[in-house]
Structures are given as structure tokens and as C-alpha cells.
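These are my notebook entries on one structure, kept for a reader who is new to it. I go through the contacts with the DNA and then the contact between the protein chains.

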There are 2 protein chains.
Amino acid sequence: MMKAKDSYHHGDLRHGIIEEAKIWIETKDISSLSLRGIARRLGVSHNAPYRHFADKESLLAAIAEMGFIKLRQWLQQVLEDNTLTPEEGIKALGVKYIEYAISNPAYYRVMYSAYLSDYKKYPSLEKAAEESFTILIETIAQGQQAEVIRSGDTRELAYVCWSLVHGVSMLYLDRQLRSSEMKSIEKLAKLATAMMIEGLAVKK
Amino acid sequence: MMKAKDSYHHGDLRHGIIEEAKIWIETKDISSLSLRGIARRLGVSHNAPYRHFADKESLLAAIAEMGFIKLRQWLQQVLEDNTLTPEEGIKALGVKYIEYAISNPAYYRVMYSAYLSDYKKYPSLEKAAEESFTILIETIAQGQQAEVIRSGDTRELAYVCWSLVHGVSMLYLDRQLRSSEMKSIEKLAKLATAMMIEGLAVKK
DNA sequence: TGGTATATGTTGCTATTGTCAACATTCATC
DNA sequence: GATGAATGTTGACAATAGCAACATATACCA
């Protein structure tokens with residue numbers, strides 16, 4: 001199924017639309033994204049995208065879903081290193097999470113933008129989001145079993161961790177962190193996760 | 001300057017627009033917000049809002065600015081209690097911040113939505129945002145002077161705290177925290193700030 | 001091989017929106 | 001009471017989302 005130029009059919013329009021949307025969001029911004037604009041860039045009629053996405057929100061949902069799947073893959077990489085202690089694992093997950101957001105701004109913006117009002121309308125998106133979150137939950141649970149992470153509602157602890165790395169990511173992407181510190185976003189990520197671990201640790 | 005019904009002039013249209021926009025964002029969502037819709041609801045011509053706001057983004061900027069001013073007021077209330085230790089103060093600030101976000105979803109959404117692409121276009125907004133952040137910075141600095149908060153770049157520590165409470169707030173507003181836990185958002189806020197304090201504390 | 005259902009793309013249309021320009025009315029001030 | 005400024009209105013234009021009807025290519029089957 002090759003892309004055939006000048007042919008009636010595009011070849012892989014669905015994929016092309018998603019890629020173009022990602023570029024748009026990265027270079028311009030998400031609020032100006034338009035299906036017609038994307039169609040224009042792809043040299044396709046203004047209604048062609050509707051053969052692949054029910055509406056604009058469905059396109060965003062598809063992108064978000066891919067974003068969560070990719071996020072999970074990134075986080076999974078961290079777990080492949082079996083030499084890490086539970087604390088190191090959680091810290092590494094946090095840093096990796098922030099790295100992901102920064103490296104994939106378009107994905108991350110769509111995943112957590114208010115443009116996707118109702119997650120529940122897209123079950124596969126919800127599933128992908130939950131699956132990436134599961135990695136964090138399980139890692140924390142392991143730490144609790146090893147008695148290096150404080151006991152208590154695992155999901156709640158995971159929410160706190162998630163909130164922290166999500167906050168860092170969003171503030172960074174929204175350019176709320178002063179430019180001088182932008183260079184040291186990695187440093188901030190490490191500081192944040194290090195502090196998080198201290199809050200997670202069992203009291204001695 | 002009373003609101004005069006059936007008169008040519010509205011009375012206080014600027015204020016009315018902002019209030020109506022807030023209601024819209026709370027009941028519907030920010031992406032569907034339209035100036036014409038607001039004008040319609042206020043029984044005013046579709047272009048009347050342009051006498052008060054240069055464009056749609058300017059309206060959002062005005063709302064965001066008010067949001068930051070109000071946030072600062074909320075946080076300031078915490079500081080008025082002189083009996084708090086630095087740690088308690090920081091914890092209370094964090095909880096108050098989250099309470100603010102939850103109690104004022106429309107404000108908070110606008111303050112941190114991607115719809116306001118360029119903060120720098122609105123200097124007074126930037127100033128209001130920085131001023132509310134200053135409260136956190138100064139409180140942490142005091143804790144450092146009292147040697148109960150770890151030393152290091154104060155602004156960076158403040159960024160971590162801000163990220164955490166921002167993350168909790170955004171995830172809550174975006175309904176990413178499971179409904180069963182939604183009731184206990186206050187509990188989550190307390191847990192998060194308590195963990196944060198442990199990460200901030202000086203090592204013993 | 002040829003024919004047909006289906007997937008994919010196009011054209012044309014309507015309703016809505018943001019925003020501009022020109023005009024109307026009221027208010028505030030001298 | 002007159003006049004300039006503030007505020008509101010009317011009418012226009014371009015862009016957009018999304019629907020319906022139509023066109024073309026593709027896949028699959030007899």
C-alpha cells in the first residue's frame with residue numbers, strides 16, 4: 001500500500017493526517033488546529049479526513065491513544081533494567097516520564113488538553129491511559145512489598161507521583177518555568193523525583 | 001453605573017462578559033466558548049464584546065489575570081496565621097492551592113489552558129502570575145533561613161512544590177483521578193503536601 | 001476475466017464563528 | 001446645551017466543522 005502521488009487515493013491518508021496534526025501542534029499550537037488545514041497541506045480535499053475520523057475530536061483521541069501507548073513503551077524500558085532497587089525504579093520512571101513529555105510535546109499536549117473533553121467517549125483511549133498508569137502502580141506495589149515504600153493505598157501514592165511528574169511536564173511545556181531554568185529541566189526532574197522518593201520512603 | 005435594562009448601554013458589559021464566560025467554561029467547556037454566544041446570552045449584539053476585549057484571547061487573558069489575583073488572595077489568607085511553623089505553612093499553602101483550583105475550575109482552566117498561547121503578550125497577566133508564585137518562594141526561603149527546609153536554589157524547590165499541586169489540580173479538573181477517589185481529593189491533597197514536606201525537609 | 005460491493009476521495013452546501021469597518025446612541029465634560 | 005469619547009449595532013467577509021450527494025479506485029468473487 002504505497003503512497004501513490006497524483007493518484008486518486010492517497011495511500012495512507014489516516015497516517016498522514018495524524019503525522020501532519022502532530023507537526024501542526026508542535027510548530028503552531030493546538031487551538032489553531034484545523035482538519036481543513038491538514039487536508040490542504042496533504043493536498044487532499046477538505047472532506048477527505050472525515051473518511052478516517054468521525055470528527056476533529058476523534059482525531060485528537062486517536063493521537064492521544066498513540067501517545068499513551070508510546071508512553072507505556074518508554075516507561076517499560078525503565079523496568080527492563082533489573083538491577084534497580086524499587087526506589088531507583090520509581091525515580092527512573094519519574095525522570096523518564098518527564099523526558100517523554102518533553103520529547104513528545106504534541107503527544108503530551110493532546111493527551112492532557114482540555115480539547116478532549118470526555119475521555120469516556122473513547123474506550124480504547126481510556127484503556128491505553130490506564131495501562132500506562134498501571135506500570136507506576138505495580139512498581140510502587142513492589143516497593144511496598146519490599147517494605148521500602150510506605151504502606152497505604154497504592155493507587156493514592158501513585159496519584160501523588162503522577163501529579164508531580166505531570167505538573168513538571170505541563171508547566172514546562174506551557175513555558176511557565178523561567179527560561180533560565182529551562183535548560184536545566186533535567187536537573188529539575190531529578191530534584192523532583194528525588195524529593196518524591198523521600199516522601200514515599202518508609203519512616204525510620 | 002447600574003445595569004439599565006432595555007437601555008442602549010448595558011451598564012457593565014465587561015463584567016457581564018467575564019462572568020458569563022466563567023459560567024460557560026464551568027458548565028460546558030472552554031473549547032466551545034464563543035464570543036458571539038456570550039453576547040447572545042447577554043442580549044447584546046455580536047460585536048459588543050469587542051468594545052471591551054481586543055479579541056477572544058484577550059478575554060481569556062483578563063479572566064486568567066483575575067484568577068491569579070484571586071489565587072494570591074487565597075494563599076495570603078494562609079500566611080495570616082502566624083502560629084504556623086514554616087513546614088506547616090508550606091503544607092497549608094499546598095492544600096489551599098488545590099482547594100482554590102477545585103473551587104474555581106473556570107479560573108484555573110483558563111489560567112493554565114493552552115488556549116492562552118503566549119503569556120508574554122499580556123504583561124499584567126504575567127505579573128499577576130509571578131506575584132502569586134512569590135508567596136510560595138518567600139515561604140520556602142523563610143524555611144531555609146530557619147534551617148528546617150533543605151538548602152539549595154529556592155526557586156527550584158518552589159517549582160517542585162508548584163508542580164505537585166498543579167499536577168493534582170489539573171488531573172482532578174480533567175477527571176483523570178478515578179471517581180471513587182474524587183470524594184477524597186482533600187485527602188489526596190493532604191497526602192501530597194505531607195509527602196512534599198518530607199522531601200523538602202533538611203536531612204537529619 | 002469481468003463485475004460488483006466497499007473503501008476512499010471530491011464537490012457543494014449550511015450554520016457558526018472571529019473579526020473588521022461603518023454607523024448609531026449615550027455619556028461625560030466643559 | 002454642545003461636543004468628543006465611550007459604548008453598542010449592523011452588515012460584511014473569510015475560515016471552519018460537518019452533512020449529503022456524487023465519483024473513483026480497489027478488493028474480492030463468480
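Which atom of DNA strand D does a backbone N or O atom of B:Ser45 lie 2.6 Å from? I looked this up and found a phosphate oxygen of DNA strand D.

**Basis of the entries.** I note that this is a predicted model, in which local features need pLDDT of at least 70 and side-chain atom pairs count only at pLDDT 80 or more, while totals for chains, interfaces and linings use all residues. Residues are numbered from 1 along each chain as its sequence is written, chains are lettered from A and ligands numbered from 1 in the order in which they are written, and side-chain values use heavy atoms, with hydrogens and water left out.

**DNA strand D.** I listed the residues near this strand, where near means that one heavy atom of the residue lies within 4 Å of it. There are 25 residues around DNA strand D, and A:Arg36, A:Arg40, A:Asn47, B:Ser45 and B:His52 come nearest. Of the atoms of DNA strand D within 4 Å of the protein, 52% belong to sugar and phosphate. I then looked at single atom pairs: an N or O atom in the side chain of A:Arg40 is 2.5 Å from a phosphate oxygen of DNA strand D, whereas B:Arg51 places a polar side-chain atom 3.0 Å from a base nitrogen of that strand. Helix 2 (residues 35-41) of chain A gives the largest share of this surface, three residues; helices here are DSSP runs of H or I with at least four residues, numbered from the N terminus.

**DNA strand C.** I repeated the search and found 25 residues around DNA strand C, the closest being A:Ser45, A:His52, B:Arg36, B:Arg40 and B:Asn47. Sugar or phosphate makes up 49% of the atoms of DNA strand C within 4 Å of the protein, and bases make up the rest. The side chain of B:Arg36 has a polar atom 2.5 Å from a base nitrogen of DNA strand C, and A:Arg51 has a side-chain N or O atom 3.0 Å from a base nitrogen. For B:Arg40, I found a polar side-chain atom 2.4 Å from a phosphate oxygen of DNA strand C. The largest share of the surface near this strand, three residues, comes from helix 2 (residues 35-41) of chain B.

**Chain A on chain B.** I checked how the copies are related, superposing them by least squares on the C-alpha atoms of residues with pLDDT of at least 70 in both. A turn of 180 degrees and a shift of 0.0 Å along the axis lay chain A on chain B with an RMSD of 0.0 Å. The two copies are therefore related as by a two-fold rotation axis.

**The contact between the chains.** I counted contacts as heavy atoms within 4.5 Å, and on that rule the contact takes 41 residues from chain A and 41 residues from chain B. The buried area, which is the accessible area (1.4 Å probe) that two parts lose on being put together, summed over both, is about 3,900 Å² between chain A and chain B, with carbon and sulfur atoms giving 62%. A:Glu156, A:Tyr159 and A:Met195 supply 16% of the area that chain A buries against chain B, more than any other three residues.

I found four salt bridges between chain A and chain B, a salt bridge being a side-chain nitrogen of Lys or Arg within 4 Å of a carboxyl oxygen of Asp or Glu. One of these joins B:Lys187 to A:Glu156, whose closest N and O atoms are 3.5 Å apart.

Technical notes. Polar contact = N/O pair within 3.5 Å; in protein donor to acceptor, adjacent residues only side chain to side chain. Helix = DSSP H or I, 4+ residues; strand = E, 2+ residues; numbered from the N terminus.
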